[in-house]
Amino acid sequence: EDGTPPPHRKIAGTALMSDNERAIQLFTTALASAKGDERRAQILHQRSAAHARQGAWEASLRDAQQAVELRPDWAKARCRAGAAHYGLDQLDAAAAAYEEALRLCDSGDAELADGARAALNDVRAKQARLATDAQLSPHVLGFAQSKTAGAKLLAQGRYAEAEQEYEGALRAMRAALQELPAEASGGMRATMEALERGMREELAA
């Protein structure tokens with residue numbers, strides 16, 4: 001497998017042959033003699049899939065974008081581009097491609113629409129996770145630094161200083177809690193309470 005999450009792997013599809021290198025060669029040969037935009041777009045679409053199966057996302061995206069240029073109203077080409085953008089961690093572009101695919105989806109192609117919707121939801125979820133991680137990162141780093149410093153001071157018998165560092169670690173954790181969405185904070189709050197108990201026990205030992 002190429003390591004792509006399932007929604008995007010389904011959208012990216014598979015080449016018509018299990019040997020992707022051979023498939024790419026055949027699609028390239030076919031493309032040289034293909035007539036008409038529709039046929040050329042179909043071949044590019046399939047070659048993009050073969051590149052995707054190899055994890056060659058830049059090549060996959062190039063072919064998908066050419067297919068889109070040839071057939072701007074073809075939802076499958078937009079989905080292919082979305083999967084390639086996702087593989088390249090270009091999340092905003094992936095979301096835009098899937099949104100456009102959904103707009104273009106034929107009412108009778110429920111399977112494609114469902115796949116595009118699932119992939120778009122996955123993109124948005126990843127965007128949300130990354131945004132949360134960026135908010136939490138300074139607080140997590142502050143916690144780790146203060147906790148490590150406190151443990152060293154405690155080992156040296158410098159209890160008052162260790163307590164100050166531990167308090168700093170807990171402040172960092174509380175600040176991180178404030179950055180989390182309410183629905184995601186429950187687990188972290190329980191973790192913080194357990195850490196606080198553990199640090200209090202260390203100081204009291």
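This note sets out the overall make-up of a predicted protein model and then turns to the packing of one pair of its helices.

1. Secondary structure. The protein contains nine helices and zero strands. Read from the N terminus, its elements follow the order α-α-α-α-α-α-α-α-α.

2. Burial and surface. The protein has 205 residues, of which 40% are buried. Its accessible surface amounts to about 11,200 Å², and carbon and sulfur atoms account for 49% of that surface.

3. Contacts along the chain. Where contacts link residues at least 6 apart in sequence, 59% of them join residues at least 24 apart.

4. Geometry of α3 and α4. Helix α3 spans residues 37–53 and helix α4 spans residues 57–70. The two pack at an angle of about 160 degrees, and their axes lie 8 Å apart. The pair is therefore roughly antiparallel, since angles over 145 degrees fall in that class. The crossing of α3 and α4 is left-handed.

5. Residues at the α3 and α4 contact. On the side of α3, the contact is formed by D37, R40, A41, L44, H45, R47, S48, H51 and A52. On the side of α4, the partners are W57, A59, S60, D63, A64, Q66, A67 and L70. Sorted by class, the residues of this contact comprise eight nonpolar, five polar and four charged ones.

6. Points to examine in the structure. The reader may wish to locate α3 and α4 and follow their N-to-C directions, which make an angle of about 160 degrees. The contact residues may then be traced, including L44 and R47 in α3 and W57 and L70 in α4.

Technical notes
Residues numbered from 1 in each chain as written. Predicted model: local features only at pLDDT ≥ 70, side-chain atom pairs only at ≥ 80, totals over all residues. Heavy atoms only, no water. Helix = DSSP H or I, 4+ residues; strand = E, 2+ residues; numbered from the N terminus. Buried < 20%, exposed > 50% of the residue type's maximum accessible area, 1.4 Å probe, protein only. Contact = heavy atoms within 4.5 Å. Areas by Shrake-Rupley, 256 points an atom, 1.4 Å probe, with all protein chains shown as cover. Axes fitted to C-alpha atoms, helices over the stretch in contact; angles between N-to-C directions. Parallel < 35°, antiparallel > 145°, perpendicular 65-115°, else oblique. Left-handed = near helix turned anticlockwise from the far one by under 90°. Nonpolar A, V, L, I, M, F, W, Y, C, P; charged D, E, K, R; others polar.
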